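Thanks for taking a look at this one with me. Here are a few notes to help you find your way around.

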Amino acid sequence: MDHFNYRDGVLFAEDVPLTRLADEIGTPCYVYSKTTFTRHFRAYTEALGGHPHLICYAVKANSNLAVLGLLAKLGAGFDIVSIGELERVLKAGGDPGKVVFSGVAKRRDEMVRALEVGIKCFNVESVPELERLNAVAAELGVVAPVSLRVNPDVDAGTHPYISTGLKDNKFGIAVDEALEAYALASDLPNLAIKGLDCHIGSQLTETAPFLDALERLLVLMERLRERGIEIEHLDLGGGLGVPYRDETPPQPFDYASQLLARLSRWEGGENLTLLFEPGRSIAANAGVMLTRVEFLKPGETKNFAIVDAAMNDLIRPALYQAWQMIVRVDTREARESAMYDVVGPVCETGDFLGKERELAIAANDLLAVRSAGAYGFVMASNYNSRPRPAEVMVDGDRVHVVRARETLEQLWAGEALLPDEAN
Ligand code: LLP
């Protein structure tokens, strides 16, 4: 459930009409709801109740400092994939002791920084990475906490670009090779084995793949136990889906209770700390992107609604053919409805936010693209030299600009002309 609702025909973010925000901040612009973020995060902590756990919000989904700061205050840990994400978490007041570091190719300097600030765990994805981490930790005279990301080879049944747990994906260590990798990790003097990790994909709409993955991990953990390697935490990655359209993904409660039920039948399961790395299910429906209709352009075979946001602002539709709901914000005036492709001003045919949408709109109307809080702004670019949009967090009737709209000067900050003699 989110806190974007119509009141008397106008879409609100909590207690603020989006029409007012668009007038004050301009478009395109991302609008987040603090209450929705809070609610979605708490759904996880409440679902896990008294079982030892840590919810490591996946920073990549929405890394605005205000979002990270809010979640840090709620007690979140963080799943990061770069030094940039680590520094953001620290800047936002996040606890490095609750950070897990994922990703297939962590650089040495990234490892050094993460060791210096004392992160909770490195999710290691290959044997060479284990060796690199051991060497870096030895140079610093410390012991690095590790978890191996195992690829359980389950089909998450999601879009091929965001399915991560299959044999032919680049991620993780094959389940059959994991025993050997753990044996190596336990022999390396500057590594301490803490956990076992997997990530099977994003936007999962069923619990079965998670349970399949858990089953395979439990078998592996038993083998490890036979070799005297005990796992303290199990990091079950794979993101619960969100309703973009008519999907009915499991709620954190269903998901957690099924996992806990299985663990309760496993020896030592009640003491095994569970880590989740949700991004989308916390952030997606906590945000919308506002955009204004520039022109309506009727065509022979199609009508176009040309809006002021484009693929550079929100790339999911262009990149994954993702469907996100597009609604008119102020519905008080009656209009004739028609079928439109909602497109942006970027010079590419792939620049669309939605296709074949029935909308009752006119030029200058304000539209909201729903479910834009995750993988929205973070994937924005400056393509076509378009400044990236502003980001706003609404809290009740208060409005906080949490990222100013980029200025034109920022577009070329850091660039330089060649010296005269070089021309
Ligand atoms: N942990 C790891 C290691 C991941 O690779 C991901 C997502 C997550 C956590 C968070 O998963 P979530 O809860 O958000 O499903 N840009 C794509 C999504 C890519 C997700 C990749 N990994 C999109 O817009 O749909």
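The points below cover confidence, the ligand and the nonpolar core.

1. Please keep in mind that this is a predicted model. The chain has an average pLDDT of 95, and 96% of the residues score at least 70. For the complex, the predictor reports an ipTM of 0.99 and a pTM of 0.96.

2. A good place to begin is the ligand, which is surrounded by 19 residues. Ser-202, Gly-239, Gly-279, Arg-280 and Tyr-375 are the closest. Helix 10 (280–283) and helix 11 (316–320) are the elements that supply two or more residues to this shell. By type, the shell residues are six nonpolar, nine polar and four charged.

3. Where does the ligand lie with respect to domain 1 and domain 2? Domain 1 (4–31 + 284–411) and domain 2 (103–276) each contribute residues to the shell, so the ligand lies between them.

4. Next, have a look at the largest nonpolar core, which has 120 residues. In soluble globular proteins, nonpolar side chains tend to be buried together. Here, the members that touch the most others are Leu-18, Val-31, Leu-133, Leu-290 and Val-392. Helix 8 (residues 208–226) provides the largest share of the core, with seven residues. Domain 1 and domain 2 each give at least three residues to this core.

5. Val-31 is a handy residue to click on. Apart from neighbours within four places in sequence, Val-31 is in contact with Ala-13, Leu-18, Leu-21, Gly-287, Val-288, Leu-290, Val-392 and Val-394.

Note on methods. Residues are numbered from 1 along each chain as its sequence is written. This is a predicted model: local features need pLDDT of at least 70, side-chain atom pairs count only at pLDDT 80 or more; totals for chains, interfaces and linings use all residues. A residue is near a molecule or strand if its C-beta atom, placed from the backbone, lies within 6 Å of it. Helices (H or I, at least four residues) and strands (E, at least two) are DSSP runs, numbered from the N terminus. Ala, Val, Leu, Ile, Met, Phe, Trp, Tyr, Cys and Pro count as nonpolar, Asp, Glu, Lys and Arg as charged, and the others, Gly among them, as polar. Domain bounds come from an automatic or database domain assignment. A nonpolar core is a set of buried Ala, Val, Leu, Ile, Met, Phe, Trp, Tyr and Cys residues joined through C-beta atoms within 7 Å. A residue is buried if 20 or more other C-beta atoms lie within 10 Å of its own, exposed if 12 or fewer, and partly exposed in between; C-beta atoms are placed from the backbone. Two residues are in contact if their C-beta atoms, placed from the backbone, lie within 7 Å. pLDDT is the predictor's confidence in each residue, from 0 to 100.
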